[in-house]
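Please open the model in a viewer and keep the sequence panel visible. The tour below proceeds by selection, with a note at each stop on what is to be found there.

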Amino acid sequence: MRELVEAVDVAAEDLLPFGDLYRQYSPPVYRFCLSQVRNPSDAEDLTADVFAAAFVAYERTRPDIDGVLPWLLRIARNGAIDHHRRQATRRMAFLRWFQRNEPSEASTADVEREVTFRSELREVLDRCQRLKARDRTLIGLRVAADLSFQEVGEVLGISEHAATMATKRALQRLRDLYEGQS
Amino acid sequence: MTSEEDLLKQLFQEVAVPAKVDQWPTRVRRPVRRQTRVRRFTPVLVGLLIGGVLLTTAVIATPRQPHTPPGGTTSPDTPPTADAMAPSAPGSSPSQMNSKTPTTALTTPPTSAAWPSDSTTGVPAGTALRTHPGDLRIDKAGQVVSDLLVTGTVTVAAPNVIIRRTRIVASGQFAVRQLPGATNLAMEDSEVSGKNGASVQYGIMQGAAGLDVRRCHVHGVQQGVEAGSEARITDSLIDRLVQSSSTTGVATRGGTGLTVRHSVVLNSTAGGTAIAVYADNAPQRTVIIDSSLLGGGRYTLHVGAGITDITVSGNRFTRSNNAGPVRWDAAPPGNRWSGNAWHDNGTRLDPPA
């Protein structure tokens, strides 16, 4: 038994330098953030916040090399939830004080940046905003951040099987939006 | 992957990271200087604390006079409450998941030194086995099957079946399959494995309430035990699992009552987990993982979201995991973590953050 236990023991790997981590993982994290908040400016802010928070916690958390991206995306997911909560609070306050909806959140600069996206992507982002938060998260993790189902499950704390099924259902609901069925 | 998924992925892959994101270092929060304020109040707090302790000690030390009601008779002592009479949970008094415990070496090893092994689990040495070639279906209630070598899948289709001193070498999807309605299956001193080179998915698949696995050795399969409700795994060894996309020693995906006690569950493959507790199919309640040696997997123990009333106590974890000893997504209340330690040096393992 002792040999068996020793055989499965492996040495912990050294931490990846944070600069390398940022260069390697900023694209999927940004794309995930974009899928969650739609607005490129908000996505930039959210992504920067994710890496700032990750930097503070990196030494303490010491995620292994395969677990870095799911870890970053868990931070990003929490950030996106906070973002939507703040947006909702702001909308409520605006309604209460001015008795009307706040102006469109897209500034001129954002619009200029948005036109650099393909129209198909803009449409996907718009429709993602009409999905429930959980479906949006699943699609963001699977499609925007390009995670495997196992990694999606890891971010959300569910099994790989549950992640597979839930993502497929979320994609179906996105498809339904395209087909005008819901 | 569907072509639609491909298309969506391509759309996102074309998006580059804007330069503004590079400014993340400006957002790193600097530590707030609160120490001066804390220091200012520290003497007051310490004074209050000492005063409180002295006062409490004085009150406790004062002999209590029996309470005399106005009628003049002495009231009997108040009986202890049910909480006070209840035995403490295994290991020690359970601490809530969010409690912080210091990282110190344990003074008392939390678990027995004699872990279940090849020699204490499975068919006892010297047992003469009769061979049952191929699959075996048990459909008589209360039937006891013993001293057999089964070279196929054992399907249990009746309640209260006992499988004893039996070696099962399967090559299909299941080694032992408990069908719905076949409640209270007991397996003792038995060995469950996949045939060499076969991709057996499940060692023991629980399909009805009630499964007792005692002194069994499960190996050579992708998933040792898929548990449901009222499952108990004791003094057993689950190891040498086969690599798959989700290799797991013991998994549960919904039910009430899973106990893994004084067992060894090791997943030496690169992925999966040793023990996975999920609520995929139904709420999962009352899970006890106690006095066991756990190791390997991506996370050795993965407790998913939505689990309530789980006790993890007195276990030893090897350092063989790839991502961490524990991934814990369940939220309190009702979840307890106590007396768990690293296997190699007995250092206390803190509750997951």
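Two strands are taken as paired if DSSP finds at least two bridges between them. With that criterion in hand, note that the model is predicted, and begin with the strands of chain B.

**First stop: a run of parallel strands**

Select residues 255-261 and 284-290 of chain B, which are strands β16 and β19. These two strands pair in the parallel sense over 6 bridges. Within this pairing, V260(B) has I289(B) of β19(B) as its bridge partner. Now add β22(B), residues 307-313. β19(B) and β22(B) are likewise parallel, and 6 bridges join them. Here V287(B) stands opposite I310(B) of β22(B).

**Second stop: a salt bridge from β22(B)**

Keep β22(B) displayed and show the side chains of D309(B) and R336(B), which meet in a salt bridge with an N to O distance of 2.5 Å. The pair links distant parts of the chain, since D309(B) belongs to β22(B) and R336(B) to strand β25 (residues 336-338) of chain B, 27 residues apart. Is R336(B) buried or exposed? R336(B) is buried, with a relative accessible area of 18%, because the cut-off for buried is under 20%. D309(B), at 26% relative accessibility, counts as partly exposed.

**Third stop: the nine-stranded sheet**

Next, colour the strands β2, β4, β6, β9, β12, β15, β18, β21 and β24 of chain B. Taken in that order, they form an open sheet of 9 strands with parallel pairing. Which strands stand at the edges? They are β2 (136-138) and β24 (324-328) of chain B; each has a single partner strand, so one side of each is left without a neighbour in the sheet. From one strand to the next, the twist averages 10°.

Within this sheet, centre the view on β12(B), residues 223-227. This strand is mostly covered, with 5 of its 5 residues buried. On one pairing, strand β9 (residues 202-205) of chain B runs parallel to β12(B) and is joined to it by 3 bridges. I204(B) stands opposite V225(B) of β12(B) there. On another, β12(B) pairs in the parallel sense with strand β15 (residues 248-252) of chain B over 4 bridges. V225(B) stands opposite V250(B) of β15(B), and A227(B) stands opposite T252(B) of β15(B). In a regular strand the side chains alternate between the two faces of the sheet.

**Fourth stop: a network of charged side chains**

Select R164(B), E188(B), D212(B), R214(B) and R232(B), which are linked in a network of salt bridges. Side chains of opposite charge can pair when their charged atoms come close. Within the network, R214(B) and E188(B) form a salt bridge of 2.5 Å, N to O. R214(B) lies in strand β10 (residues 211-214) of chain B and E188(B) in strand β7 (residues 185-188) of chain B, so the pair ties together parts that are 26 residues apart in sequence. E188(B) counts as buried at 12% relative accessibility, whereas R214(B) is partly exposed at 24%.

**Fifth stop: a helical salt bridge in chain A**

Move to chain A and select D20(A) and R23(A), whose salt bridge has its closest N and O atoms 2.7 Å apart. Both residues are in helix α2 (residues 18-37) of chain A; being 3 residues apart, they are separated by about one helical turn. D20(A) is partly exposed at 33% relative accessibility, and R23(A) counts as exposed at 58%. A search of the whole structure finds 22 salt bridges over all chains.

**Sixth stop: a nonpolar patch on chain B**

Return to chain B, show its surface, and select V44(B), L45(B) and L48(B). These residues make a nonpolar surface patch of about 320 Å². L48(B) is found in helix α2 (residues 35-61) of chain B, and counts as exposed at 61% relative accessibility.

**Final view: chain B as a whole**

Zoom out to chain B, which has 3 helices and 26 strands. Buried residues make up 46% of its 353 residues. Chain B exposes about 17700 Å², of which carbon and sulfur atoms supply 55%. Among contacts between residues at least 6 apart in sequence, 61% join residues at least 24 apart.

Technical notes: Residues numbered from 1 in each chain as written. Chains lettered and ligands numbered in written order. Predicted model: local features only at pLDDT ≥ 70, side-chain atom pairs only at ≥ 80, totals over all residues. Heavy atoms only, no water. Axes fitted to C-alpha atoms, helices over the stretch in contact; angles between N-to-C directions. Buried < 20%, exposed > 50% of the residue type's maximum accessible area, 1.4 Å probe, protein only. Contact = heavy atoms within 4.5 Å. Areas by Shrake-Rupley, 256 points an atom, 1.4 Å probe, with all protein chains shown as cover. Patch = residues over 30% accessible without salt bridge, like charges linked within 9 Å, V, L, I, M, F, W, Y side chains within 5 Å. Salt bridge = Lys/Arg side-chain N within 4 Å of Asp/Glu carboxyl O.
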